[in-house]
Amino acid sequence: MDNEQAVFYSRVLTELTLSFHIIYATIGVGIPLMIMIAQWVGIKKNDEHYILLARRWARGFVITVAVGVVTGTAIGLQLALLWPNFMELAGNVIALPLFMETFAFFFEAIFLGIYLYTWDRFDNQKKHLLLLIPVAVGASFSAVFITIVNAFMNAPQGFDLVDGELININPLLAMFNPAMPTKVAHVVSTAYMTSAFVLASIAAFRLLKGSNHVYHKKALFLTMKVGLVFAIATAIIGDFSGKYLAEYQPEKLAAAEWHFETEENAPLIMYGVLEDGEVKYAIKIPYALSILAHANPFAEVKGLDQFPEDEVPPLYIHYLFDIMVTIGMWLAFLSALFVFATWRKWSFIQTKWFRWLLVAGGPLAIIAIEAGWWFAEVGRQPWVLRGIMRTEDAATTSGQVDIMLALFAGLYLILGVGSVVVLRRMFKRNPVEQEIEDRRKEKGGDIH
Amino acid sequence: MTLEIIGISVLWMFLFGYVIVASIDFGAGFFNAYNILTRREHILTNVIQRYLSPVWEVTNVFLVFFFVGVIGFFPKTAFYYGTTLLVPVSIAIILLAIRGSYYAFAMYGSYGHKGYTFMYGMAGLFIPASLSIVLTISEGGFISMVNDYPVLDYWELFTSPLTWSIFVLSITALLYISAVFLTWYANKAGDTSATELLRKYALIWALPTMVTAGGIIFELRSHNPEHYARILDLWWVFGLSFLLFIGTVWFIFKRKKYGLAFGLLVGQFALAFFGYGVSHYPYLLYPYLTIYDSFTNEAMAIALITAFIAGLGLLLPSLYLLLRLFLFNKDYVRGNKDHHT
Ligand code: HDD
Ligand code: HEM
Ligand code: HEM
């Protein structure tokens with residue numbers, strides 16, 4: 001295999017592993033928070049339904065964590081196997097957050113083990129809830145630290161490169177790079193948002209499939225409220241991410257917006273297709289790009305004419321950006337509508353078609369996550385470290401990457417199918433009604 | 001002590017931690033599979049599930065810590081080992097993934113299936129075996145530089161007796177460590193039939209472990225004379241390790257003090273492991289890479305060590321809590337209480 005092929009297959013394998021890991025990782029970041037909220041509400045209101053909700057989510061969570069952990073281990077090793085030149089440089093400058101991430105993993109893993117095996121072990125339920133805090137903190141900090149590494153790839157700083165030698169290295173400066181605040185905030189808030197919508201999907205699906213138990217209704221209302229909060233947060237932080245791009249990675253923003261010429265009063269292009277360099281069928285929102293980029297409708301936005309041709313990212317990232325933003329707006333709207341309608345006791349939210357919309361929310365959020373990452377990563381091309389190292393110079397020279405790609409593709413297929421099958425069985429075998437019944441017998445009391 | 005030595009010592013310590021906890025885990029999986037397949041059924045299942053369920057993810061983090069730390073402290077290793085290890089390490093990852101996920105699927109999803117149990121048991125044996133190739137390669141002689149890039153010679157690697165002795169050692173040691181620990185654990189749980197069975201396994205695997213370990217030192221004499229000479233300089237460390245080994249076998253044989261026996265075993269492996277590490281010094285990869293020429297810059301080293309100390313402050317109390325609740329808690333070990341979600 002020549003080197004070009006090694007680069008190509010390394011990219012595909014990295015894309016595959018990350019795209020797979022991110023599904024489980026996102027859920028892994030968000031679900032502990034959701035469990036915590038449910039258990040807390042349950043203790044507060046003394047409502048066994050919420051406690052049971054927390055307990056059943058925790059059970060499912062174990063399966064997703066397992067896949068998250070093994071695929072994370074894979075990507076961690078693959079970074080060094082597939083991008084040895086990049087990791088050598090990264091090791092010198094940005095190893096600190098990677099290293100701190102392992103402590104976050106440790107922390108999460110230890111307390112997750114304890115949490116799972118101490119249900120009803122304490123007389124005071126709050127003590128058990130306390131054990132969940134380190135799990136949620138550890139999971140969120142895993143995301144924070146790894147996203148810092150990714151932010152560094154987009155806006156490297158904290159070192160000087162003189163004649164190929166790295167000097168003046170400052171690990172803290174590298175960590176607190178300009179991309180870090182918006183990236184970290186956006187990733188964490190989208191993880192919470194996605195988890196909420198995924199759990200809402202499940203509740204809505206159960207309601208559709210004939211179970212009219214209040215348990216599912218409570219679950220749906222709770223998750224939609226949380227979803228709404230984080231959908232709004234996501235949109236606001238997304239807006240800041242756009243401003244970050246305009247300042248530090250204008251070529252990514254320009255490519256995403258098909259903004260070819262530098263101009264003032266720039267319109268935002270939504271949807272459309274590109275034919276022979278012409279934008280067709282697009283919706284143009286006047287001034288909106290200037291607002292997104294600089295919070296000023298008249299501001300000048302850099303276009304692609306400012307960049308050498310071989311440094312312009314692929315233009316298809318426009319579609320990815322549109323997918324992400326559309327889904328974000330839609331989910332914010334949907335959850336706002338649901339919460340408002342529940343409050344006003346409007347009955348259309350009980351209808352079948354509306355519930356199907358809610359079911360679609362979870363998968364849509366995951367699509368938005370994937371689109372967002374592809375947009376961010378492909379938009380960084382041709383650089384692996386923006387302005388410093390090109391992707392093709394970072395890859396391995398090994399000749400067996402294609403075989404490994406096939407092996408890993410098979411592995412992810414097994415893991416993906418396996419986790420879905422196991423999760424389905426787990427909850428089918430032990431339906432909520434049954435479990436509520438069991439708990440009532442056990443406790444003898446007012447559980448409905 | 002230089003920063004380089006602190007760095008490598010920390011990493012070597014965590015790798016040792018991984019070797020012990022992972023051996024217990026992998027060996028347990030193997031014994032369990034073996035018993036189920038030979039229809040002795042579930043003598044061991046209980047003991048193994050009680051101990052392993054809460055800790056499996058923690059085991060994995062030890063490994064992650066090690067490889068992330070290596071790249072942090074010694075970034076050049078990414079270039080040499082990253083380029084050459086694609087195939088063996090990818091295989092190890094896939095085995096780890098199969099094992100880790102089916103473990104969760106089976107334990108929590110109650111997805112009992114003989115085929116999986118078997119795969120799970122076998123995967124555990126071959127993970128250390130495929131990871132141990134890294135140690136073999138580090139002895140030099142298998143990597144050469146072509147156009148400034150390191151290339152691994154697979155033919156040389158798979159025909160070398162050194163490779164195969166390290167391979168066999170990884171398996172025998174794993175089964176031995178696991179059997180000794182589980183004997184102790186089963187005894188604490190008051191499960192006599194499991195204790196007896198595991199005690200038998202411990203005695204069976206003791207001798208092969210020693211023989212293969214000796215064999216490796218012998219192989220090194222011709223493969224890497226420099227390393228061999230340094231091992232001989234440290235003969236007393238290995239001698240002490242051997243004495244501890246005798247101690248473990250004695251207690252197990254006499255059915256006495258299983259806890260102490262396991263303690264001695266940890267001591268034995270610690271001495272051998274650190275003896276090996278020290279005699280390997282200063283090379284990370286003979287003859288290309290030493291801990292000095294691959295070391296990161298000083299600013300990063302200090303930052304990493306600071307983070308490590310802070311992290312340890314968080315980690316040790318949590319680990320202590322985990323062990324207290326599960327390993328040293330009589331009610332839990334005996335299965336009197338089950339609070340699984
Ligand atoms: C549920 C998922 C989701 C949703 C609804 C949104 N995003 Fe997003 N977005 C992500 C998930 C995501 C992400 C997966 O988390 C990314 C990829 C890399 C990153 O830093 O975050 C991302 C990146 C990302 C970037 C690029 C940052 C960079 O490359 O540094 C911008 C400019 C936006 N987003 C803006 C928005 C806006 C204006 C949204 C309007 C609602 C929006 N996002 C919704
Ligand atoms: C988990 C979410 C992530 C996803 C889904 C993702 C996705 C991708 C995709 C699609 C590419 C290929 C771009 C192309 O070839 O055109 C890529 C490249 C890459 N990403 Fe990310 N990425 C993620 C996070 C990260 C993080 C956190 C890091 C670093 C720690 C990282 C490191 C890399 C590297 C080294 C490459 C290869 C070089 C390149 O092709 O740009 N990624 N990623
Ligand atoms: C290049 C990118 C990435 C690398 C190298 C990486 C590495 C890892 C590793 C090694 C693990 C296993 C840890 C263990 O043994 O417990 C893991 C799990 C995890 N990762 Fe990733 N990761 C990456 C991207 C991400 C991203 C972008 C997120 C968050 C948005 C994330 C969140 C998590 C979480 C929360 C876990 C814990 C497992 C779980 O709770 O589901 N990772 N990752």
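**Surroundings of ligands 2 and 3 in the predicted model**

The shell of residues around ligand 2 comprises 12 nonpolar, five polar and four charged members, where Ala, Val, Leu, Ile, Met, Phe, Trp, Tyr, Cys and Pro count as nonpolar, Asp, Glu, Lys and Arg as charged, and the others, Gly among them, as polar. The model is predicted, and local features therefore need pLDDT of at least 70 and side-chain atom pairs pLDDT 80 or more, whereas totals for chains, interfaces and linings use all residues. Residues are numbered from 1 along each chain as its sequence is written, chains are lettered from A and ligands numbered from 1 in the order in which they are written, and side-chain values use heavy atoms, with hydrogens and water left out.

Chain A averages a pLDDT (the predictor's confidence in each residue, from 0 to 100) of 86, with 98% of the residues scoring at least 70. Among the elements of chain A, the mean pLDDT is highest, at 93, in helix α6 (residues 180-208) and lowest, at 72, in helix α14 (residues 432-443); helices are DSSP runs (H or I, at least four residues), numbered from the N terminus.

Of the 21 residues around ligand 2, those that come nearest are A:R11, A:E15, A:E377, A:R380 and A:Q381, a residue being near when one of its heavy atoms lies within 4 Å. Helices α1, α4 and α11 of chain A each supply at least two residues of this shell, and the largest share, six residues, comes from α1(A). The iron atom of ligand 2 has A:E377 (OE) as its only protein donor, at 2.1 Å, donors being N, O and S atoms within 2.8 Å of the metal (3.2 Å for Na, K and Ca); water is not among the atoms, so sites may look incomplete. A:E377 is placed in helix α11 (residues 352-378) of chain A. Polar contacts (pairs of N or O atoms within 3.5 Å) link oxygen atoms of ligand 2 to the side chains of A:R11, at 2.7 Å, and A:Q381, at 2.6 Å.

Ligand 3 lies between chains A and B, and A:H21, A:G72, A:F105, A:E108 and B:N60 come nearest among the 26 residues around it. The shell around ligand 3 divides into 17 nonpolar, seven polar and two charged residues, of which α2(A) gives the most, eight. The only protein donor of the iron atom of ligand 3 is A:H21 (NE2), at 2.1 Å, and A:H21 is found in helix α1 of chain A. Oxygen atoms of ligand 3 are in polar contact with the side chains of A:E108, at 3.0 Å, and B:N60, at 2.8 Å.

Definitions and conventions:
Polar contact = N/O pair within 3.5 Å; in protein donor to acceptor, adjacent residues only side chain to side chain.
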